[in-house]
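Let's walk through this assembly together, beginning with a single helix and working outwards to the places where chains meet. Keep the structure open beside you as you read.

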Amino acid sequence: MNMTALPFDLQLLNTLAALLLLLSFAMLSQRRIVTLINLLAVQGALLCIATLLLAWRTGAGHLYLSAGLTLALKVIFLPWLLHRLIRKLGVYWDTEPLLNTTGTMLVGVLIVVFSFGLAQPISALASTATRNSIGIAVAVVLIAFLTMITRRKAMSQVVGFLSMENGLFFGAMSATYGMPMIVEFGVALDVLVAMLVLGVFFFQIREQFDSLDLQHLESLKEDQ
Amino acid sequence: MSSTLTFVVLLGTPLLGALVLGLTGGKRWAPNLNVAFSLLTFLAACALTSNIITHGNVVLMQEQFFIDAFNVFLVTLTAFVGLTTALFSRPYMRIEVEHGRVNSAQLRLYHSMYQLFMATMLIALTTNNLGLMWVAMEAATLSTVLLVTLYRTPASLEAGWKYFILCGVGIAQALFGTILLYFAAEKILGAEGVGALLWTHLNVVKAQLEPAVLSLAFVFLLVGYGTKVGLAPLHNWLPDAHAEGPTPISAVLSGLLLNVAMYAVVRCKVLVEGSLQSSLPGRMLMGFGLLSVVLAAFFLWRQRDAKRLFAYSSIEHMGIITFAFGMGGPVANFAALLHMTVHSLTKSAIFFAVGHATQKAGSQLMDDIRGLITLSPTVGWGLMMGSLAILGMPPFGVFASEFLILTTAMKQQPWATPILLLALGVAFAAIFSRVQPMVFGETTAKRLPHPPALVPVFTHLALVLMLGLFIPPYLADWYRAAARLIGGH
Amino acid sequence: MTQTLHSPLLLCLLLLTAWGIVGLAGLIRPASVAFAGRTLFPLGAVCGAAVAYVAATSLFAPAEQIVLSIGLPDLPVHLRLDSLSSAFLFLLGAAATGISIFAAGYFRRGEGTPPGLMCLQYHLFLASMGFVLLANDAYSFMLAWETMALSSYFLVTTQHRIPEIRSAGFLYLLIAHIGAIAILLSFGVMQGGSWQFTFDAMRAAQLDPAWATSAFLLALFGFGAKAGLVPMHVWLPEAHPAAPSPVSALMSGVMLKTALYGMLRVTFDLLGEPVWWWGLILLALGLFSALYGVIFAAAQTDMKRLLAYSSIENIGILFSGVGLAIVFAGTGMRIAASLALIAVLYHALNHAFMKSLLFLGTGAVLHATGERNLGRLGGLIHRMPWVAWLTLVGALAIAGLPPLNGFVSEWLLLQSFLFASEVPQAFVNMLLPLGAALLVLAAALAGYVMVKFFGVIFLGQPREAALQEAHDAGIAERAGLAWLAVGCVLLGLLPAQVIALLSRVIQPLGFSGLPLDDGSWWLLVPLPQRQISYAPLVFFAVILVVIVLTIAAVRFFYHQRVRRSDPWDCGFGRLNSRMQDTAEGFGQPIRHLFTPFFAMARELPSAFDPAPRYRVVIGDRIWRGLYLPLGRLVRRIADAVAWLQQGRISTYLLYSFVTLVTLLALML
Amino acid sequence: MTALFDWLAQILGILAAVLAAPLFLGWVNQCRAWLQNKSAPSILQPYRGIRKLFHKDAVIAANASQLFRLAPYMVFGAMVTAAAIIPSVATRLPFTQAADAIALVGLFATARVFVSLAAMDVGTAFGTLGARREMMIGFLAEPALLMIIFVASLISATTALPRISELLATQSLALYPSLAFTAVAFTMVLLAENARIPIDNPATHLELTMIHEALLLEYSARHLALMEWAAALKLFNYVCIGFALFVPWGLATSQAPLALALSSLFLGAKLVLAGAGIALIETVSAKLRVFRAPEFLATAFLFAVLGLLVRLLLGT
């Protein structure tokens, strides 16, 4: 479709979506954990903006709320928490990913194609203005998945996990203007708790192995 | 007593318990308090059940919760096993404390999380809102992660981490599935779709839901909740988590959490099948089921750790259940529900016995556990009987359900029967060759500071035995009703 | 109640339950030998006698069935008592009576399972065997069948401290379970689309030949595994010696027969008309088992192993008989088939008595000497005459010597083999008589084995000094042995009556029975048109008369003077007990003749060896060639599968990722 | 009346057999002596030996059990019973329906088992050795004998000896190639079962080769006498079985005294010939090593089976 046909705010939305995807690619390639966290924060911010836009456009009250949630949780709290953690634990770099960057990128591209294809039928049905971005949401989720697969540090895996959450959130929003409030709250709560649990976790792992390298966590297996 | 009130008690007790024990859980009498809360929960569940029997299904709290033939007996089962496990964990945790493996802070965490875990499972079972169900499932994971790592050993940390990440990622897929479901439902049930995530509503309109979307949704849901069920190849967190946590937790994970996850999968399957009007979801389930059964059967051969062994056996049985639900139809569903019941009873009983056995031997390695019946016949016979039951030996109930499943398989999926039987045979050899020396022979075990909790073990086994010989009519009617609800061809 | 008393089925049900209750009573005082021995086992024996009586009377009653309200909701427990079940119930009851009486005196305090618990397992074992015979639907049959396996497993592993016994028990239960799976499958095939798992539905079902054949083969595998048919026999020589003697007696004497019962039930009743060539398979397997078993028995040095292998032989004979019957029935030779079946049933009955008797005899010896190895026994006939003479009856009977019972059944079987040449199929009518040749060979070898068995244990000089202190069995044990011995004699001397009953038994299998002429009660004329007859009583009488006359004559004409002195032994002096033939030595000709059967490991001393030792270990080729590789295969697969789980979380994430993507792709 | 007469004839027949048996043995020995041109003992020698033994005191090993003393009577009884069953003179005898050919084989087996057990009873090296060898011979000879009988009974569709021989006798000179095979087999079995050369040498006491004598080593006096007598009777029985199966001609099928007398003559003639034949075989053949004995009997077994196949193939 040609962009000019669309009203400006929608163009903006699509751009935001594109940026989200771009960010997840950046995360996929990024090895410096501090930067990873910053990227995550930016992703959260973009989500927040997108939500606000939608809220303004549709006038759906609960979207403002969820935008607020996003801001509080994903832009401010979590990045702060993670930064604090890495400062305490002193992990700044992830080691070389399992698959080298270019390879990962290639796979990422394939994933994008795949998920766009996947999203076609859904987008066709969607009545929302942002229907085209469903594919992007799927792509973000899958790429985050890929990120988690390729990383060796617990921390960066968590970041991947969170960006997956972002993808999901974006998907929910673009497909259906967000879930019912009760669910939104529930999800947010879960994410929050998960992060707190993680905090505890990291310290436990640290005091055991004095490192967050996942290769210490490969002893339980069948293949002796 | 009205259903609503009972229901509030049912959900409120464990939540309150979590709170109270969160403050006082380290005290010497905390285990008894834990039991008391569980008992109250169980009583509430019984009361609720009797209400349902008399008045039929109910929908509560602006339709956010509901009780129907399918989940009512699971609620009772969950509450019951919760109670017996609490009973078992009384002496067990005391012994752990005296062995110095657990301090009072950890004990507090343990008790509070135990209650919380119960609450989340009860919510997941009773909620009508698929979104809420997802939240509860995730909460169930979170509440148990720290229990898996309770001992702070490297292995337990690794197990906990894997549990957290794999289930977290899995459940995230389930969320996406839920979103898609919502997306499809919204079309039918209107904007702001108040009821768009309520299972009861969806069930009514399932035929109109958009197949293309629902098939995608189902994939995400299946992979998501399937991870928690422990279907191969998504099962990898399960043996670690079972083996490294405290045994009561292994018992409830195996006996209850897997059931709840399975429940979620089936709920979704009902909707999707209704919309697709095809046997595709069923076939997927069968595929996962068979794969799990076969892989687990062979994994069993390499086990050295007692709890790990039975964890794999859980994967195997979840596979059987999944396969049965996949086949669908009144008999298969009936059998699957029966199998869910007997498996959770038997498996938790086994974990009780194994728990005491490991404490006696001071090790979880099966080579270190020898000749239980010479020192403590009750634990030994409990383990032996439990294992034989789980292996599908008559006259225990597991045989009844496996008999039904196999015969139905011969009818509907003849090709699958030999595979199933082969796997069952392999599993039999594997498990039994390891259990026998644990129970028989010269002993290595030592006495325990506290008498082992035998009531739970033998109550469970007695129930399983009864189900093998005689299924009470009302229970059978439950199963039938639920089977009808689940449907399938 | 009155109506209960009139219905044999309900009576049986009552008695089987009574067995269960007696067993449970054992838990009241689990540690007390006296309570279990003096009170419960005799009670069990009484129940057994009652079962035998009821079964015998119900032979004349019409078949009846009931449905209990337990079991699965849609498949409650169906029970049925027809004359076939009655016959086997009689076998069970009669044998169990003797064995229980013996057991009352047998069990002592010792290591392993406490007596009360053993009492429970023992009576559960009995009851479950009874229910196997009564079951009339797949579920209850499997229920009873597996309970039987389970309870007997626990009995086998009574002395669980000994590693060999544990592994024996494991092997036993494993093979039993796999066999059970096969049986279950065969039921699944037999219901033939009706999806009713009652036996009535299976009788009604019309299977096309292919399915019928597969059902038959599955059943053959399943029941063969339980019966110990070669090559599924490996568990038997391990498990029978491991168990306490009364249990070995029950397993060998009765449990193996339940497998035979299952085979008959499936082949002739549930499947309806068997196809003639099925019989050939059974014949081949049976005859091979018979030969294999007896040859290995001749080579054994452990008295209970020897008996176990002899059980394999007898099972072989039984199954070959069934095979013959199938061939005849399949080719429309009803009379011949009836004769073969009667021979089989008769032999089953005989074997129950003979083999139980022998096992109990070994039990008594084991108690008296604590020795199972033939190489350390001998001369016990002086120390324990009761056991010796009663065991001798069993030994002669199982060797197939007239006028005892073993001979009658083998005689009948040979008679039915004589019909073989009339089978229409070419080749078959030539092969079958050769089968007869093998059968005869096996029977003759059985004689060899029994001479070895009895001679080495009871005759000659004691090979160990300790044997001088051996004591004879107690009253209860003697009574038990006597019961069985009398059974052997009666079954041997009154064939006409027994056969009259048995020909009624085969009627539910669709056979009219034999055209017996019930002229003279002492004369057995199975087939008048063949003018063959057998009158063991006359036989017996003549021998007795001659013996008496000779003794009298010798006394009358000459004298009865006897002098005792050292053995003559060709004038060699210093011969001691070690110079007697050992068990190995006695088996040597057989090992020499049938070398290909054995996997032998010999240790021959050199001529100048200061401390010469001769050792020979007999291995089972089938075990090495079939079972070990199978085990290795499973392990190898397991190792291959284990590669999937390498502990790296990324890999696991990859698994779920791939799964997800694949499924999504499927949906596209 | 006839019944009474039957019984009379039966008992006479038995007595005749029992009394004639040693005579036949003597005859065989005499013939053999002639053939090996030694000076022959009197034909009555066996009687003398038996009488002498009866007069002696029985010396029994101190550790011999009752079984040891029972065995001789048991064996003797078995052989007499066998004699009662075999239609040596007449076919219409009351006892003959008490047992058929298979039972007869069983009877011989019983005797063998008792002999062997008795030999093991004292527990000397030779006794057990003899017992083992005897059983080894037995488990091969019995099947062979049964196969032989099978062939005959396949022809006559019955296993009752009298019926078989009646049938074969009445069919005037029908040729049965199958019977030719079995006749050879039977001869071999006969030699083996009766401890004749080439399997055993009744005239030797060389420990390492003997079988029959090794069984009797511990016996003396009356017991030995009974054993020897039983052995003679066994030989006699076997020969009679041979007649019944292969040369049944001249058997009395009725109880007419004349017929009986006639058939007795026939029997005598056959016995004379048979004795000479056995002696001849023993002279011309050499004693086999014990280890070869199984092969010898296996051959007999195979011959019998061959006979069976021929019978089935040619239907004759």
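Helix α4 of chain B, residues 104-126, is a good place to start in this predicted model. With 23 residues, α4(B) reaches 33 Å from its first C-alpha to its last, close to the 33 Å expected at 1.5 Å a residue. How much of α4(B) is buried? The helix is mostly covered, with 19 of its 23 residues counted as buried.

Now turn to chain C, where α18(C) invites the same kind of look. This helix has 31 residues and reaches 44 Å between its first and last C-alpha atoms, close to the 45 Å expected at 1.5 Å a residue. Here too the helix is mostly covered, since 25 of the 31 residues of α18(C) are buried. Just beyond, α18(C) is followed by C:Gly460, which has a positive phi near 75°. Keep α18(C) in mind, for we will meet this helix again at an interface.

Step back and take in chain C as a whole. Its secondary structure comes to 24 helices and 5 strands. The C-alpha trace of chain C spans about 110 × 70 × 60 Å along its principal axes. How does the radius of gyration fit with that of a compact globule? For 668 residues a compact globule would have a value near 26 Å, and chain C, at 27 Å, agrees with this. Of the 668 residues of chain C, 59% count as buried. Among contacts in chain C with a separation of 6 or more, 78% are between residues 24 or more positions apart.

One part of chain C lies largely in the open: strand β4, residues 598-603, because the number of buried residues among its 6 is 0. This strand has a partner, though. β4(C) pairs with strand β5 of chain C, residues 615-620, in the antiparallel sense over 6 bridges. To find the pairing on screen, look for C:Glu603, which stands opposite C:Arg615 in β5(C).

Next come the contacts between chains. Which of the 4 pairs of chains in contact shares the most contacts? That pair is chains C and D. Their contact takes 68 residues from chain C and 69 residues from chain D. On the side of chain C that touches chain D, the elements giving two or more residues are α15 (380-383), α17 (405-417), α18 (428-458), α21 (536-557), β3 (562-565) and α22 (583-593). The largest share of this side, 15 residues, comes from α18(C), the helix we met earlier. By residue type, the side of chain C that touches chain D divides into 44 nonpolar, 17 polar and 7 charged.

Strands take part in joining these two chains as well. β3(C) and strand β1 of chain D, residues 58-61, run parallel and are joined by 4 bridges. Within this pairing, C:Val562 stands opposite D:Ala58 in β1(D).

Chain C also touches chain A, in a contact that takes 14 residues from chain A and 13 residues from chain C. On the chain A side, α4 (101-125) and α5 (133-150) are the elements that give two or more residues. The largest share here, 3 residues, comes from α5(A). The residues of chain A on this side divide into 8 nonpolar, 2 polar and 4 charged.

Finally, notice where chains stay apart. No contact joins chain A and chain D, and their closest C-alpha atoms lie 56 Å apart. Chain B and chain D do not touch either, with their nearest C-alpha atoms 41 Å apart.

Definitions and conventions. Residues numbered from 1 in each chain as written. Chains lettered and ligands numbered in written order. Predicted model: local features only at pLDDT ≥ 70, side-chain atom pairs only at ≥ 80, totals over all residues. Contact = placed C-beta atoms within 7 Å. Nonpolar A, V, L, I, M, F, W, Y, C, P; charged D, E, K, R; others polar. Pairing = 2+ DSSP bridges. Rg over C-alpha atoms; globule rule 2.2 N^0.38 Å. Buried ≥ 20, exposed ≤ 12 C-beta atoms within 10 Å, placed from the backbone. Expected span 1.5 Å × (residues − 1).
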